[in-house]
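Student: I would like to learn how to read a structure like this one. Could you walk me through it?

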Amino acid sequence: MKKIFLWLDQWNPVVVGIVSTILLFIILILLVNLMIMPLYTKQGSEVELVDITEMHFDDARNMLKIKGFKIIHDTTTFHATYPESTVIVQNPAPYSKVKRGRRIYVTLSGGERTVTVPKVIGSSERDAVFALRGAGLKIGETTYDYSYYY
């Protein structure tokens, strides 16, 4: 044992201090990485996220609350297929592994969009098409009919 201490006595005290500081720092990093961080991040506590797409927002909120998640209404998109307040998209994706307490962002359907049809009677075909497209309408088949009134 005396030989080890004699060997350390031959070293410069500054070098011994630097080496011991580096070793202490490495031990501290390993302790944080292997013990403290897994406890802090709740590593291994992931559960499978349920699929709430095509559900009404209130039903989806109740289901996620029971499972331990928080639902956040992110955006609303008009959609002709889905009724109003139906979940169209969820993030994170259904069936992915997530931790309890996580926020689930959803895009809801605003239902079918209603628009006011612009007055195109008496307009040229080009102006009528431009006005209809400007209102967000799609142009279907064009037919021509003679009118006595104009």
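Tutor: Gladly! Keep in mind that this is a predicted model. A good place to start is the overall picture: among contacts between residues at least 6 apart in sequence, 63% join residues at least 24 apart.

Student: Which order of helices and strands does the chain follow?

Tutor: Along the sequence the pattern reads α-α-β-α-β-β-β-β-α, with four helices and five strands in the chain.

Student: How much of the chain is buried?

Tutor: Of the 150 residues, 15% are buried. The chain exposes about 12,500 Å², and 60% of that comes from carbon and sulfur atoms.

Student: Let's try single residues. Is threonine 86 buried or exposed?

Tutor: For that, compare the relative accessible area with the cut-off: buried means under 20%. Threonine 86 has 7%, so it counts as buried. This residue sits in the loop between strand S2 (70–77) and strand S3 (87–91).

Student: What is threonine 86 in contact with, beyond its neighbours within four places in sequence?

Tutor: Its contacts there are Glu54, Met55, His56, Thr107, Leu108 and Ser109. In addition, a polar atom of the threonine 86 side chain lies 2.9 Å from the backbone oxygen of proline 83.

Student: And where is threonine 75 found?

Tutor: Threonine 75 belongs to strand S2. Its relative accessibility is 35%, so threonine 75 counts as partly exposed.

Student: Which residues does threonine 75 touch, not counting those up to four places away in sequence?

Tutor: Threonine 75 touches Val106, Thr107 and Leu108. With threonine 107 there is a polar contact, side chain to side chain, at 3.1 Å.

Methods: Residues numbered from 1 in each chain as written. Predicted model: local features only at pLDDT ≥ 70, side-chain atom pairs only at ≥ 80, totals over all residues. Heavy atoms only, no water. Helix = DSSP H or I, 4+ residues; strand = E, 2+ residues; numbered from the N terminus. Buried < 20%, exposed > 50% of the residue type's maximum accessible area, 1.4 Å probe, protein only. Contact = heavy atoms within 4.5 Å. Areas by Shrake-Rupley, 256 points an atom, 1.4 Å probe, with all protein chains shown as cover. Polar contact = N/O pair within 3.5 Å; in protein donor to acceptor, adjacent residues only side chain to side chain.
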